[in-house]
Structures are given as C-alpha cells and as structure tokens.
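Got your viewer open? Switch to cartoon view, keep the selection box handy, and follow along.

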Amino acid sequence: MKKQDNELMDKIVALCKRRGFIYPSSEIYGGFAAVYDYGPYGVELEKAVKDFWWKRVVQVNQNVVGLDAAIFMHPKVWEASGHVSGFADPLMECKNCHARIRVDHALEEIGVLADEKMEVDEINKLVDENRDKLECPNCKKKDFTQVKKFNQLVRSNLGNFTDDINKEPVYLRGETCQGIYVNYKNVLDSTRVKVPFGIAQIGKAFRNEITARQFIFRTREFEQMELQYFVAPETDMDLYEKLRQDRWQYYLDLGLSEENLKWHKHENLVFYAKEAYDIEYNFPFGFSELEGVHARGNYDLSQHGKFSNEELIYTDPKSNETYIPHVIEASVGVGRTVLAILTEAYTEEEVNGETRVVMKFSKKMAPVKVAVFPLLKNKPELVAKAKQVFDDLKIKYMCEFDDNGNVGKRYRRQDEIGTPYCVTIDFDTLEDNAVTIRDRDTMEQSRVSIKELHSWLEQKINE
Ligand code: ATP
C-alpha cells in the first residue's frame, strides 16, 4: 500500500481509538489539544519501544549508563541552556479565524527554505515575499499578523506560593538531556566511567507547541529517549560517524523498512554545533524528523560550568590532559517512534472479497504476542482446557484469552491489534493434546502439541 495515502493517518487514528491504543486526552470533556493518553495496547507498544531502546543503548554498551533525572530542575538550568532566551518558534495569527500558524513550517510547505532559528525580521521578510502563496490552513484566508517569536517552555508555580505565576517561574523540562548534563559530574565521580562514555535517559518533556496537528507526532507532553556521549574533543567526529551508523541500524532492527528512512542534513546550524543530521521517517504526511543525531561541541558543559561555577572538566587518567568533553547525542521521541511503527504496520488486504485490516508489527513490538481461544464458549471442557493453556503461556508472554463471538470475529480483532499468533482449543485437543495455531500474516494454520507449544512460540517470536 502507498504510504503517502491522505486517508492513512485518519485510518491509523481511528484504529488507535477503536482498538485501545491511543485516546485523545480528557476526551469526555471535549479533549485537550496536543495531549494523548495511551490505552491498554498503546502502553504495551510504548513499553516495547522503551525496552528495545534501553537494551540497545544501555544494556549492551559497557560505557553507557542510565539516569532518571527529575522533571523539575533549577530555573538557572534553562538560562544556561539558552532555552529562556532562545527556545522560541515563529508564530503568526490568521486575522480572520485567529488560527495560530507555525511560520517556518508554513513557509516550508510552499517550498520556501526556513527554520525556527531564523531571526524574526528575516522570517517576516520571507512572509512578505510570499504573501500571495501563504493561506490559513483553517479558513484559507490570506491575512496574517506580523510574526512573533513564542517561547516554548512550559511554566509552573512549583514552590511559588504567590498568585503570580510569572514570578520566578519554574519550568517543566523542555528536553530530558539537561538532566544528563547537570549530572555529568555526579556520574563521573560516583561510577567507574571514563571518557568516552554515555548517559542515557528516558523521560517526559513538555513544550508549548504552536500547532497541534499530526496526532502523536507533535504533542505538548511527550517522552524522549536521549543518549548523550561525552567524548574527547579530537575524537568527536569519528565517534559521531559511528553513532550515526548505529542509529540507522537500530531502526532497521526495530522493524522499520529502509525505504521509509532517510537522512536529513541540517544546513543552518546553531553557532556551537559541529554537525547535525536527522533520521526522517516516511510518516503518512511524508518524510519528517524521527530522531536527531547531533555533534554539539562543548557548548552544553561549558554553559553549565559558567552558570553554576562548577568546573565541568575532565582529566584524562593516562595523559593528565584536561578538557571540557564534547557531546554527541541521539535524541528521539517515544510517541514519534510509536507512530512510525503504527504507520509501518498498518495493512489492508483483500480476503474473500472483504478488507482485512491487520497491524503487521514485528513480533518483538507486538503488544500481545499470543491469543488463546476455546472454539466454543458454551463447552466447559473446552473453556477449562483453554484457560489451562492461557495460564501457562501468560507467565512468559503478554497473552489474551477470548471466548467472545465466533472465531472469525476473534481473528479480526487480534489482526487489528497485531497479535502474531492465535491458539485455538477444539474438540480434538481433548483427545490429542494438540492445538491449532493461526499465523497473523500468512493466515496459515499449524497443529502443535501442547507439550511443544512453548518451544514452538519461543522460536517463532524470536526469529
Ligand atoms: P521538531 O523540529 O519536529 O519540532 P525538534 O528538532 O525540536 O523537533 P529535538 O528538540 O531535537 O526536536 O527533540 C528530539 C526528538 O524529540 C525529536 O527528534 C522528536 O522525536 C522528539 N520530539 C521533539 N518535540 C516533540 C513533540 N512536540 N512531540 C513529540 N515528539 C517530539
């Protein structure tokens, strides 16, 4: 199926709601823009993504350690990082319907090169030059306010017992990596890591995103998985190349196909960056950023050194050389990864004149691995045997027991949540202690003895 299908996104959103993957936040109150809740299958998918990332990034790398820093941090962190003064997106408003428009994105959509780092005057000039082509995505009018920069940091009143939220605001973190930078010295002093080493973290981040479109691609509350490597200045670009290769391979191993991935090189770099690439995925709305892989020089530790008056330098134990480590990073959103996996998996097939919707998740990502059915609900001996098989399998795998409706209906439901194997207990099972296993993708059925069920599934799920 063609991935640039305009309807594909609507179909994915509908399936996510219908089958319990993702719901709009606070839906009974009319929803809450750009915030989503993960339902029973979404949460399993999210967990599989995070486990896969952690294993690949932390568990198998001796020189990478984990961290879980708090969401709230000292307000100075966000001054040092440049977020208070510079974490701003260009915004304009439609004078007719008051829709807010992210200007760099609107310009890019009409083929004009722009990005959020441009100065306001520069962006206003581009808007003036392209006035006839820019239209409001909501009401299609072409009358806009001047462009302003809008800071994306989300403020809170934590520890502020006055009514004035603007008085010394405490921010909800705008990215997880600042928690890593401020703990660089703690980790160095309390563990046995030596440069080059990495610190990895998975956690929530918050941004006042101007436009709330594209489902879970861009949300105001989201989760990031970030790896920050601290490296010697002269080795950073070699290690950066290696990290780029690792990250590409990671997505292939995750189950995304190579034709849906591509590199995007940043031409307009922030002043401290040495090189920046994004890995883009072919989402239903086209190729867009999935992950950023950036070589950041020593900006982060230098800034925190200056603002905190702590010396964030490293002394090489062999050469005694001292320096501020450079940072190379790989940063990705959990939600964007989930959306890539959903896009990759969504499949429609014609079967006997009907459309079969099936989520062809890779087996390691599938939220439910095995479903167990008694052929008939009203035969207690079948139900008891099926329960026995289910109780045995559930210790090892995320399993579902289903005795509702006919088997065909149960298959359709399991197809839509992407369960790779359905195990049916029928009358023959009571005689021969064997079950029928139906494969999600081929729909072929095999007869397997209950004794061999564990090893059969183990081999298939890990193949
Ligand atoms: P974009 O240009 O799409 O706004 P960004 O370049 O600001 O993204 P980074 O600050 O580099 O993103 O964040 C790293 C990763 O975090 C992104 O590659 C993306 O996967 C994820 N991410 C960033 N912002 C959001 C968001 N609002 N919603 C969901 N995921 C996000």
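**Stop one: the sheet**

This is a predicted model, and the tour begins with an open sheet of seven strands, in the order β3-β9-β10-β16-β13-β12-β11 and with mixed pairing. Color β3 (64-67) and β11 (261-265): these are the edge strands, and each has a single partner, so one side of each has no neighbour in the sheet. From one strand to the next, the twist averages 25 degrees.

Now zoom in on β3 and select β9 (residues 197-206) as well. The two pair in the parallel sense over four bridges; Val 65 has Ile 199 in β9 as its bridge partner.

Next, select helix α11 (residues 334-345). It lies across β10, β12, β13 and β16, and runs at about 40 degrees to β12.

**Stop two: the rings**

Show the aromatic side chains; there are 22 aromatic pairs to find. Pick Tyr 184 and Phe 230: their ring centres are 5.0 Å apart and the planes sit at 45 degrees, so this pair is tilted. Tyr 184 belongs to helix α8 and Phe 230 to strand β10, so the pair ties together parts 46 residues apart in sequence. Tyr 184 is buried, at 0% relative accessibility, and Phe 230 is buried at 0% too.

Then jump to Phe 373 and Tyr 411, another tilted pair, with centres 5.8 Å apart and planes at 50 degrees. Phe 373 is buried at 0%, and Tyr 411 is buried at 12%.

For a cluster linked by ring pairs, select Phe 217, Tyr 281, Phe 283 and Phe 285.

**Last stop: charges over rings**

Select Arg 247, which lies over the face of Tyr 250, 4.0 Å from the ring centre. Finish at Lys 387, whose charged end sits over the ring of Phe 401, 4.6 Å from its centre.

Methods:
Residues numbered from 1 in each chain as written. Predicted model: local features only at pLDDT ≥ 70, side-chain atom pairs only at ≥ 80, totals over all residues. Heavy atoms only, no water. Pairing = 2+ DSSP bridges. Axes fitted to C-alpha atoms, helices over the stretch in contact; angles between N-to-C directions. Contact = heavy atoms within 4.5 Å. Phe/Tyr/Trp six-rings, centres within 6.5 Å; stacked < 30°, edge-to-face > 60°. Buried < 20%, exposed > 50% of the residue type's maximum accessible area, 1.4 Å probe, protein only. Lys NZ or Arg CZ within 6 Å of the ring centre and 35° of its normal.
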